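Hi,

Here is the structure I promised to pass on, followed by some notes on what turned up in it. Please have a look at the model alongside the text.

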Amino acid sequence: MMTSWTDTELDRIGAADELSIAPMGTDGSAGRPTTIWVIRVGDDLYVRSWHGRAGRWFSRGLRSHQGHIRAGGVDRDVDLTEPDREVRPAVDQAYRDKYGRYGDTYVGPMVGDDAAAATFRLTPR
């Protein structure tokens, strides 16, 4: 069982502009895919909910802590874990660096408190 990303997966997902995430239901059923931004910090991948913890895909992910992602040609089942607060500055900066071209209208909310409180680290299952 693989529990870490390969370098190729990290590079491909990290370079992808968008990621499709489908959190699993508690019954194991796949949820509706949602297109979101994804960032890489070191050997970890993170996603955030624009709508905070109340966002549909995020709240579903909180119940099951499992999902399925597609990005950069990678198609994987993942575990969804909430990271320690200490990673927030690095995750915020990664969002600014990768998506800054979209301007503060879009990036500002993604580095704000609501989205930061709705962050998952993606780990391959």
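Setting aside neighbours within four places in sequence, Ala-94 touches Ile-39, Arg-40 and Val-41. Please keep in mind that this is a predicted model. Ala-94 belongs to helix 3, which covers residues 88–99. Its relative accessibility is 14%, and because buried means under 20%, Ala-94 counts as buried. The C-alpha atom of Ala-94 also lies 9.6 Å from that of Tyr-46, a residue 48 positions away along the chain.

Now to the sheet. Its 7 strands run in the order 2-1-5-6-7-4-3, forming an open sheet with antiparallel pairing. Strand 2 (34–36) and strand 3 (38–41) are at the edges; each has a single partner strand, so one side of each has no neighbour in the sheet. From one strand to the next, the twist averages 40 degrees.

One pairing is worth opening up in your viewer. Strand 1 (residues 19–23) and strand 5 (residues 66–71) are joined by 4 bridges in the antiparallel sense. Within this pair, Ala-22 has His-68 of strand 5 as its bridge partner.

Which helix packs on the sheet? That is helix 2, residues 56–64. Helix 2 touches strand 1, strand 2, strand 4 (44–48), strand 5, strand 6 (74–81) and strand 7 (119–124). The direction of helix 2 makes about 55 degrees with that of strand 7.

Happy to talk it through whenever suits you.

Best wishes

Terms used: Residues numbered from 1 in each chain as written. Predicted model: local features only at pLDDT ≥ 70, side-chain atom pairs only at ≥ 80, totals over all residues. Heavy atoms only, no water. Helix = DSSP H or I, 4+ residues; strand = E, 2+ residues; numbered from the N terminus. Buried < 20%, exposed > 50% of the residue type's maximum accessible area, 1.4 Å probe, protein only. Contact = heavy atoms within 4.5 Å. Pairing = 2+ DSSP bridges. Axes fitted to C-alpha atoms, helices over the stretch in contact; angles between N-to-C directions.
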